[in-house]
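This report introduces selected local features of one protein model to a reader who has not met it before. Please consult the sequence and the structure shown below while reading.

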Amino acid sequence: MPSPVQPGLSDLEVEYDSAFLQSHNKPITRGPLEMETVPRPRPREVLGGVDKEGGIFLTWEDLSVTASNGKGGSRLLLQGLTGYARPGEVLAIMGPSGCGKSTLLDALAGRLGSNISQSGMVLVNGHQQTLAYGTSAYVTQDDTLIATLTVGEAVYYSALLQLPDSMSKSEKKERADMTIREMGLQDAVNTRIGGWGVKGISGGQKRRVSICIEILTHPQLLFLDEPTSGLDSAASYYVMSRITGLDRQHGRTIITSIHQPSCEVFALFDNLCLLSSGRTVYFGPAHAADEFFSSNGFPCPTHQNPSDHFLKSINKDFEEKSKEEAIDILTKAYKSSGNFQQVQSQVAKIYKSTFSEVNDCDMNFQEGGALKKRSHASFLNQCLVLTRRSFVNMYRDLGYYWLRLAVYVALTIALGTIFYNVGHSNSSIKDRGAMLMYVASFLTFMTIGGFPSFVEDMKVFGRERLNGHYGSSAFVVGNTLSSIPYLLVISLIPGAIAYYLTGLQKGCEHFIYYALVLFTCMILVEGLMMIVASIVPNFLMGIITGAGIQGLLILSGGFFRLPDDFPKPFWRYPLYYLSFNKYAYQGLYKNEFQGLKFPNDEAGGPPIISGEEILRKRWQVEMVYSKWIDLAILLGMAVLYRLLFLITIKTTEKVIPLVKALVSRPSKRSKQVMANLSATPSATPLH
């Protein structure tokens with residue numbers, strides 16, 4: 001298939017031809033309400049052995065989940081659940097809010113938190129194993145996407161990141177196009193996703209974009225956490241019909257939690273797992289649930305949505321006593337019913353058939369039945385793709401750099417007019433020092449304005465990292481490289497305005513050094529703010545934290561109080577030497593005052609005072625090394641801050657969950673199967 005990308009277009013902006021995409025679609029039949037008509041395929045015969053397309057059977061038996069509160073107590077979230085999911089079928093997990101739907105989904109996907117213990121058996125094709133990258137996908141309830149990208153760009157960049165280098169760019173582009181068509185997004189392919197304050201695609205389309213990104217690797221097991229949350233009935237049906245219709249054709253195993261489906265959506269489900277307070281009220285064919293409730297004294301009224309009736313019957317939030325009795329009746333009835341016996345029989349049958357036949361299935365499985373991990377793009381390609389994607393995002397997001405550039409220009413014009421042409425009088429010594437301090441401190445302080453964008457980047461990274469798209473190192477490299485051109489621009493233009501309006505020391509070398517110090521300080525402070533963003537994801541708390549840290553560094557830089565006057569504990573040792581402002585001030589002072597002479601106003605002193613003497617006596621600058629050493633120290637600190645950012649990410653995802661697990665370990669030790677303490681797929685490589 002030829003690529004729809006025109007050869008003359010920039011690599012930084014992927015344009016799609018909607019007519020091309022539509023030409024490859026079959027006509028879609030619309031009903032009166034403009035909802036897509038999806039034929040319900042015949043159920044596939046899968047229990048005679050493993051599906052030859054590499055389908056995944058998931059079974060769980062006597063599954064219980066307990067959450068620890070960190071004070072020695074614990075709370076039971078799931079109690080003795082047993083069930084299964086088969087290729088080519090859709091399992092819906094339903095129940096009132098707080099019943100354990102998302103907990104069950106996380107337990108099956110191996111995403112439980114570090115303070116949660118799990119007991120029982122969770123088997124993938126008859127084996128206890130971690131789900132390998134590329135064989136499963138998890139679509140979260142929140143659509144965390146880059147708002148500035150178009151639908152086509154978001155899917156294409158994700159394809160470049162996830163698909164292996166053995167595929168060419170044209171093949172990856174074709175895979176992205178095919179996935180977009182499968183989810184019916186061809187009409188919105190050139191529309192930006194949009195987000196806070198920016199109009200974009202609808203909520204249902206965002207959900208489908210999230211699904212597109214996760215099914216690019218053609219996973220055989222798909223988890224969806226409330227995919228219809230926040231959508232109207234028509235949009236919910238459209239999303240679910242696309243998922244169920246297409247995934248049945250590919251033989252995928254689909255497990256979805258869903259809150260309150262319409263009749264049309266409910267009819268798409270093959271099996272239903274109904275939960276209440278962590279207990280199984282019903283598990284079996286979705287169409288037989290109505291008969292189960294009727295036979296136990298809870299018939300569904302005529303013309304009422306069955307799913308609404310089920311939820312109303314087992315929701316004890318408002319009528320606790322009567323509903324608790326109903327839940328006990330239904331739970332006991334299920335345990336003694338033929339459905340429960342059939343579920344146990346199916347679990348045993350799946351285990352027996354998959355365990356004996358999975359080794360001869362296909363290349364999706366390794367020797368012994370373990371799922372075979374699929375490969376990513378290489379580390380270098382991931383860095384290049386992330387750099388390009390981040391560059392596009394920064395270019396289109398006005399709040400990232402462009403608004404800051406406008407503010408910087410306004411501030412430097414104000415600064416330049418206040419200190420306009422300071423001259424070479426004795427009073428200009430103080431003016432030059434104050435002006436340079438403002439540039440090195442408060443212009444870099446304004447980096448805090450980009451913190452909301454940093455937080456959004458961290459949210460996208462968190463989702464993609466958790467799903468195994470790329471490693472932490474690739475993200476840090478891509479973010480750093482993409483920001484350099486913009487930081488260079490906002491350093492040179494405002495810096496030049498302030499420098500030449502003030503009339504600082506002439507000479508190209510002096511201006512280049514001044515611009516390099518300002519540029520390095522920008523990179524350094526951005527690294528500091530990224531560290532804060534990785535620790536404090538709430539942008540309001542992050543802004544307060546970042547402002548407080550920078551305030552301390554400015555105070556200890558050596559301008560407001562000279563170095564010799566600092567109190568020795570804390571302020572002089574170690575904060576003064578840890579503050580990057582110290583090296584920025586001293587480097588800029590050396591660059592400005594060395595080689596200049598000023599009239600001396602002191603009585604009895606020499607008529608002329610040199611810049612070197614001013615540096616030693618007035619500013620107490622350390623003259624044992626040159627200004628280039630100060631710049632080198634700043635560059636080293638900038639690199640160190642980026643490394644600390646990387647270490648912080650890895651610590652957050654690895655060490656902190658382990659510490660929490662030790663602190664909040666429950667009193668009774670339970671066996672955890674397929675649990676990952678870091679909540680990160682263990683098969684995912686860490687770059």
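Does aspartate 62 count as buried, partly exposed or exposed, and what is its relative accessibility? The model is a predicted one. Aspartate 62 has a relative accessibility of 49% and counts as partly exposed, because buried means under 20% and exposed means over 50%. This residue is placed in strand β1, which covers residues 58-68.

**Backbone angles**

Most residues other than glycine have a negative phi, and most peptide bonds are trans. Two residues other than glycine with a positive phi are listed here.

| Residue | Phi | Place | Relative accessibility |
|---|---|---|---|
| Aspartate 62 | near 50° | strand β1 (residues 58-68) | 49% |
| Histidine 218 | near 55° | loop between α5 (203-214) and β6 (221-225) | 24% |

Histidine 218 also counts as partly exposed. A cis peptide bond, with omega near 10°, leads from tyrosine 573 to proline 574. Proline 574 belongs to strand β11, residues 573-574.

**Helix α4**

Helix α4 consists of 14 residues, 169-182, and spans 20 Å from its first C-alpha to its last, close to the expected 20 Å. Its buried residues include Lys172, Lys173, Arg175 and Asp177, as well as Ala176 and Ile180. Just after α4, glycine 184 adopts a positive phi of about 65°.

**A nonpolar surface patch**

Val639, Leu640, Leu643, Leu644 and Ile647 make a nonpolar surface patch of about 440 Å². Of these, isoleucine 647 lies in helix α22, residues 627-663. Isoleucine 647 is partly exposed, its relative accessible area being 48%.

Definitions and conventions:
Residues are numbered from 1 along each chain as its sequence is written. This is a predicted model: local features need pLDDT of at least 70, side-chain atom pairs count only at pLDDT 80 or more; totals for chains, interfaces and linings use all residues. Side-chain values use heavy atoms; hydrogens and water are left out. Helices (H or I, at least four residues) and strands (E, at least two) are DSSP runs, numbered from the N terminus. The expected span of a helix is 1.5 Å times one less than its number of residues. Buried means under 20% relative accessible area, exposed over 50%, partly exposed in between (1.4 Å probe, protein chains only). Patches are made of residues with over 30% relative accessible area and no salt bridge: like charges are joined within 9 Å, nonpolar side chains (Val, Leu, Ile, Met, Phe, Trp, Tyr) within 5 Å. Accessible areas come from the Shrake-Rupley method with a 1.4 Å probe; for residues, only the protein chains shown count as cover. A salt bridge is a side-chain nitrogen of Lys or Arg within 4 Å of a carboxyl oxygen of Asp or Glu.
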